[in-house]
Amino acid sequence: MQATSSVRESLITGGKTVRDVSEDISRHVENKPNRLWWIAFSISLVLFGFGFYCLAALLWEGIGLWGLNKTVGWAWDITNFVWWVGIGHAGTLISAILLLFRQKWRMSINRAAEAMTIFAVICAATFPLAHMGRLWLGFYWALPLPNTWGSLWANFNSPLLWDVFAISTYFTVSLVFWYIGLIPDFAVIRDRATRMGNKTRATIYNALSFGWDGAAKTWMRYESVALILAGLSTPLVLSVHTIVSFDFATSVVPGWHTTIFPPYFVAGAIFSGFAMVLTLLIVTRKVFKLEDYITIYHIELMNIVIIITGSIVGIAYITEFFVAWYGMVPAEFYAFYNRATGPYWWAYWSMMTCNVISPQLFWFKKIRTNIVATFVLSIIVNIGMWFERFVIIVTSIHRDYLPSSWSMFYPTVYDLGEYIFTFGLFFTAFFLFAKFFPVINMAEVKSIIKSSSEKKH
Amino acid sequence: MSSTGEKFLVGIFDDEDILLHGVEGIREKGVKIHEVYTPFPVHGLDEVLGYKRSRLPIAAFLFGLTGTSLALTMQIWMLGFDWPMIIGGKNFVSLPPFIPVTFELTVLLSALGMVATFFIVSDMKPYKTPRTYDIRSTDDKHVMAIDLAANKLSKDEIGQILKANGASEVNEKNF
């Protein structure tokens with residue numbers, strides 16, 4: 001029995017019953033994909049193929065193919081890495097933090113958001129892996145494994161090694177959390193397949209569901225597991241982008257050596273992640289006709305998260321500048337002055353416009369409940385967040401202490417190629433997920449049908 | 001599948017609130033419920049069925065503790081004793097830089113250990129075929145299974161109690 005507020009808007013519209021939920025969500029797994037899906041999937045595969053060629057060439061020839069030089073040793077690779085990791089954060093925020101806060105609106109969107117997290121982290125990981133050059137030796141450099149160089153172990157004082165542990169733990173725990181959520185829904189598809197007489201599908205989905213039977217005792221344990229995984233994932237997700245920001249913050253490079261990086265990076269991560277969730281879900285709800293499950297109300301709530309995190313990021317940009325001026329360190333001040341007025345001024349001002357000004361439009365209810373406006377703004381936010389990482393990374397290092405070492409970064413086709421590779425990988429994986437996995441958590445949505453669904457009158 | 005000769009009475013409930021009251025009523029009449037199968041977690045069902053709280057949180061804590069000690073031991077032994085290296089003139093063993101890896105391994109072992117324990121205690125594995133009392137239990141029906149051998153009351157008496165407590169259907173199921 002649940003208390004229901006009459007003030008809250010319905011989370012599920014269209015007068016759905018519990019049975020409708022099974023039907024509406026499972027249908028996409030059971031039916032053949034439509035033409036739109038095939039077109040989108042083919043485009044992703046082409047991107048993936050082209051990107052894969054660039055990545056293979058990079059591994060064959062070495063990272064000299066990138067546009068890096070003596071001064072700018074980190075550019076697009078790490079920009080893209082941080083960008084993708086950041087995108088992943090929204091999935092964990094939705095599934096873990098909103099679970100701890102008992103926010104029911106997470107239930108229609110957590111499955112797809114978690115899938116996005118997992119694919120985004122895979123995309124992110126390709127960049128540092130590729131940057132190691134000789135990838136096949138990377139295990140020895142990145143993990144504390146016994147090796148033939150004496151007993152030389154990995155350096156646990158380095159934030160780059162912390163990253164290895166943070167990202168791999170984050171990936172593993174997110175994957176487990178996501179999979180635990182999928183288990184009861186796989187059982188739904190298994191039982192529907194049994195009833196339809198599709199033996200192959202029933203066997204596959206039974207294996208995927210680990211023989212789930214929905215017993216009260218299992219549900220009790222399951223809820224306990226979900227709650228603890230949420231409790232573990234919450235500090236985990238905050239730690240991941242904190243540690244990513246340590247890659248910069250623990251250095252002594254002006255522009256990077258900043259104590260506000262951890263909270264600022266985490267806010268930025270959630271900001272860009274929610275934008276990506278919106279981009280994906282607006283398309284998914286349209287293609288799969290899920291308007292009754294992912295409602296305008298869901299979109300509005302996500303837009304509110306975007307205003308909040310976007311404003312935190314905006315304050316962080318201003319604080320950085322203030323501290324650079326107030327700290328009276330010439331090198332530090334120059335780094336920031338150069339960001340806004342130097343040769344990369346256009347990147348800086350793109351970042352400011354996309355991240356600080358554009359999300360403020362969501363203060364208007366008309367805009368934050370408008371699908372087209374939300375879709376456009378969600379893409380603008382992600383462009384802005386890419387520029388943020390580019391600005392932080394490249395503008396801080398391209399003008400070294402010695403003017404004779406000053407340099408510019410120009411990307412090559414291989415820089416672009418690997419970025420395209422991750423887009424291909426991300427969307428290919430997401431479309432496969434949308435075809436073969438239930439895109440909405442059926443069990444959770446069913447549990448709120450009685451309290452939060454719009455009743456037929 | 002070969003027959004095991006087990007006979008069950010299966011009550012079907014359409015609504016979670018009726019189910020919760022039904023379970024209470026049925027247990028008051030002295031009927032032993034084998035298990036209830038629901039399509040989604042019904043809050044309070046474990047309490048009315050009289051289940052003890054899960055001890056999985058304890059497992060999670062112990063696995064987490066293992067992760068913490070493993071991570072600290074590994075880092076202190078590797079950098080402090082096995083192959084000490086001077087890195088920026090800092091101490092060989094200092095706790096702050098070891099915290100991130102320690103935290104991550106705590107979370108990792110806690111999560112993986114707890115989930116593995118969950119699979120083991122719930123007997124969940126990819127090659128398991130679960131017993132289906134009613135196939136609608138993953139769709140929209142709450143299914144109550146009553147083992148006739150474990151109850152003293154007759155089949156008809158239990159059937160009447162089920163109906164009186166809100167079951168919309170009562171079926172027999174033999175394995």
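The radius of gyration used here is taken over C-alpha atoms, and the globule rule is 2.2 Å times the number of residues to the power 0.38. The structure under discussion is a predicted model. For the 457 residues of chain A, a compact globule would have a radius of gyration near 23 Å, and chain A has 23 Å, so the two agree. Along the principal axes, the C-alpha atoms of chain A fill a box of roughly 75 × 55 × 40 Å.

The secondary structure of chain A consists of 16 helices and 0 strands. Of its 457 residues, 50% are buried. Among the contacts in chain A with a separation of 6 or more, 83% are between residues 24 or more positions apart.

Helix α4 of chain A, residues 110–131, offers a check on geometry. At 1.5 Å a residue, its 22 residues should span 32 Å, and because the end C-alpha atoms are 32 Å apart, expectation and model agree. As to its surroundings, 17 of the 22 residues of α4(A) are buried, so the helix is largely enclosed by the rest of the structure. Just after α4(A), Gly133(A) takes a positive phi of about 80°.

Chain B is divided by the domain assignment into domain 1, covering 7–53 + 131–174, and domain 2, covering 56–121. The C-alpha centres of domain 1 of chain B and domain 2 of chain B lie 45 Å apart.

Strand β1 of chain B, residues 7–13, pairs with two other strands of that chain. One partner is strand β4, residues 169–174, which is joined to β1(B) in the antiparallel sense over 6 bridges. Within this pairing, Phe8(B) stands opposite Lys173(B) in β4(B). The other partner is strand β3 of chain B, residues 142–147, again antiparallel to β1(B) and again over 6 bridges. Here Val10(B) has Ala145(B) as its bridge partner in β3(B), while Gly11(B) has Met144(B). Since 5 of the 7 residues of β1(B) are buried, the strand is largely enclosed by the rest of the structure.

The pairing continues from β3(B) to strand β2 of chain B, residues 35–37, which runs antiparallel to β3(B) and is joined to it by 3 bridges. Met144(B) in β3(B) stands opposite Val36(B), and Met144(B) is also the bridge partner of Gly11(B).

The two chains meet through 53 residues of chain A, which are in contact with 56 residues of chain B. On the side of chain A that touches chain B, the elements giving two or more residues are α1 (18–30), α6 (159–196), α7 (199–208), α8 (216–249) and α16 (442–452). The most is given by α8(A), with 16 residues. By class, this side of chain A has 29 nonpolar, 15 polar and 9 charged residues.

One residue of helix α8 of chain A, Thr218(A), can be followed individually. A residue counts as buried if 20 or more other C-beta atoms lie within 10 Å of its own. Thr218(A) has 23 other C-beta atoms within 10 Å and is therefore buried. Not counting residues up to four places away in sequence, Thr218(A) touches Asp213(A) and, across the chains, Ser122(B). Thr218(A) and Ile420(A) are 202 residues apart in sequence, and their C-alpha atoms are 43 Å apart in space.

Technical notes
Residues numbered from 1 in each chain as written. Chains lettered and ligands numbered in written order. Predicted model: local features only at pLDDT ≥ 70, side-chain atom pairs only at ≥ 80, totals over all residues. Helix = DSSP H or I, 4+ residues; strand = E, 2+ residues; numbered from the N terminus. Buried ≥ 20, exposed ≤ 12 C-beta atoms within 10 Å, placed from the backbone. Contact = placed C-beta atoms within 7 Å. Domains from an automatic or database assignment. Nonpolar A, V, L, I, M, F, W, Y, C, P; charged D, E, K, R; others polar. Expected span 1.5 Å × (residues − 1). Pairing = 2+ DSSP bridges.
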